[in-house]
Amino acid sequence: MPLLPDADNSNLFQPLGSTVEAITSAPEGTNDEQGVLNTQADQESQLVQEIESLCMNCRENGTTRLLLTRIPYFREIVLMSFSCPHCGFRNSEIQPASEIQEKGSRYRFLIESKDDLNRQIVKSESCDCAFPSISLEIPHQRGQLTTIEGLLTEVVEDLSQSQPVRKYSDPEAFQKIEAVVAKAQEMMDGKVFPFQVVVDDPAGNSWIELSPGESHEKWSKTEYFRTLSQNQALGLVNADEDTQGGEHEGEQEADRQQTLPISNDEIHTFQATCPSCLRRCDTHMKLVDIPHFKEVVIMSTVCDNCGYKSNEVKTGGEIPPKGKRITLRVDDPEDMARDILKSETCALTIPELNLDLTAGTLGGRFTTLEGLLREVFEQLDTRVFSETSDSMDPERIERWSTFLQGLQDAIEGKRTFTLVLDDPLAASYLQNVYAPDPDPNMTIEEVERTEEQNEDLGLNEINV
């Protein structure tokens, strides 16, 4: 049920808490302006739509109830509930009502206590979930609004359903499934900590609830470009000759452009392949020389076919033998005007604010320190946090408010803090306003890459 990106759906999709309040606050037995009796049931019928539909169990007609709502500052969704009065069959599911996102998303969350089992999960119909510690994968099926505990409970119920028959028909499979069920039950009982859950959605419409101040080791989000097969599964492209031809022609054109000389004074345009719909699009590129650092490439891609847009900053040159860690003590509002280049491989940390951004977050950015922190604030404030969320308890609202207020004070130069840029490829830069002299508030140190970082960056596969 995709909606137009520019459409205003604020009146259609109200927060679930506001919807419940509108129903429960309607007094029983009152008359409206036309003198018609108004009850809570009447108010509910205006918000919840009912449609007569076919029961897939008994082939009689049942009732589907639709509630258009939204998770504040995340996505619009449609809650659906079906019931059949003839056979008693019931079913409920969730459908995303927003457009498919430009990139897919993958969330990783580390469960370390029983409270973590209550984290909400939005699982769209294209989302796969996994619990790597027990080699359990849940393929995409109907959409759900649930918790981690609810997800495990459903897995245990589904796997246990046919176990009595499987015990005699396939004893080997019975033993393996019984071990998985026992392990999942121990997870729900809090006997096995920690363990990880992975939510992978090519449509980008799934989500794991985030609590402020959590490190990237506990909660992380990664965005990625969809493959051709994933685009086909979502109905974005067809596997026709035109798409394949556009992909190959774009690659050939990019190869031809790479042989042309690149000048710092010109903006170069070449044809490439759109990472979203895999059709041909234009990419604009310009070289920029950053003083006391190196040349970087600023790239902008626009696809006229699907509307995809992206801006990236790429650094060139060889891969250095060590990474780089830049630490800046920000104690003056003028520090917020420093130029900063954050590469895709750079992690950003501000210990005083409990802010921890993993590598890949926000992509490559060439901006000012104020601009970067403001973008972080807008992403968190508009996509994660909302005081109107009916699922957020007062303590968590207070934590979010304190966290965002501290970040806002830092942006406005009202508090001092320490900024740490950790880049295993040494491809990030922070302006030294005292150059060529050393900056008394900034330290730059070389650090050895870990084996995990070398593996993630693919350096272990490079033969030199």
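In which loop is E209 found? In this predicted model, E209 lies in the loop that joins β14 (207-208) to β15 (219-224). The relative accessibility of E209 is 7%, and because buried means under 20%, this residue counts as buried. When residues up to four places away in sequence are set aside, E209 touches N118, R119, Q120, W219 and R396. One of these partners, R396, is itself among the buried residues of helix α9.

Helix α9 comprises residues 394-411. Its 18 residues should span 26 Å at 1.5 Å a residue, and the end C-alpha atoms are 26 Å apart, so the two values agree. The buried residues of α9 are R396, I397, W400, F403, L404, G406, L407, Q408, D409, A410 and I411. Just after this helix, G413 adopts a positive phi of about 75 degrees.

Helix α5 (residues 171-188) also contains 18 residues. From the first C-alpha to the last, α5 reaches 26 Å, close to the 26 Å expected at 1.5 Å a residue. Its buried residues are F174, I177, V181, A184, M187 and M188. These residues cover an arc of only 145 degrees around the axis and therefore lie on the same side of α5. An α-helix has 3.6 residues a turn, so residues three or four places apart point the same way. The face of α5 turned away from the buried side carries the exposed residues E172, Q175 and K176. Just after α5, G190 takes a positive phi of about 80 degrees.

The surroundings of the buried residues of α5 were then examined. These residues pack against three elements, namely α3 (148-160), α4 (163-169) and β13 (195-201). For α3 and α5, the axes come within 10 Å and cross at roughly 155 degrees. Because angles over 145 degrees count as roughly antiparallel, α3 and α5 are roughly antiparallel to each other. Their crossing is left-handed. On the side of α3, the contact is made by E149, L152, T153, V156, L159 and S160. On the side of α5, I177, V180, V181, A184, Q185, M187 and M188 take part. Among these α5 residues, I177, V181, A184, M187 and M188 also belong to the buried set of the helix.

Conventions
Residues numbered from 1 in each chain as written. Predicted model: local features only at pLDDT ≥ 70, side-chain atom pairs only at ≥ 80, totals over all residues. Heavy atoms only, no water. Helix = DSSP H or I, 4+ residues; strand = E, 2+ residues; numbered from the N terminus. Expected span 1.5 Å × (residues − 1). Buried < 20%, exposed > 50% of the residue type's maximum accessible area, 1.4 Å probe, protein only. Arc of directions from axis to C-beta. Contact = heavy atoms within 4.5 Å. Axes fitted to C-alpha atoms, helices over the stretch in contact; angles between N-to-C directions. Parallel < 35°, antiparallel > 145°, perpendicular 65-115°, else oblique. Left-handed = near helix turned anticlockwise from the far one by under 90°.
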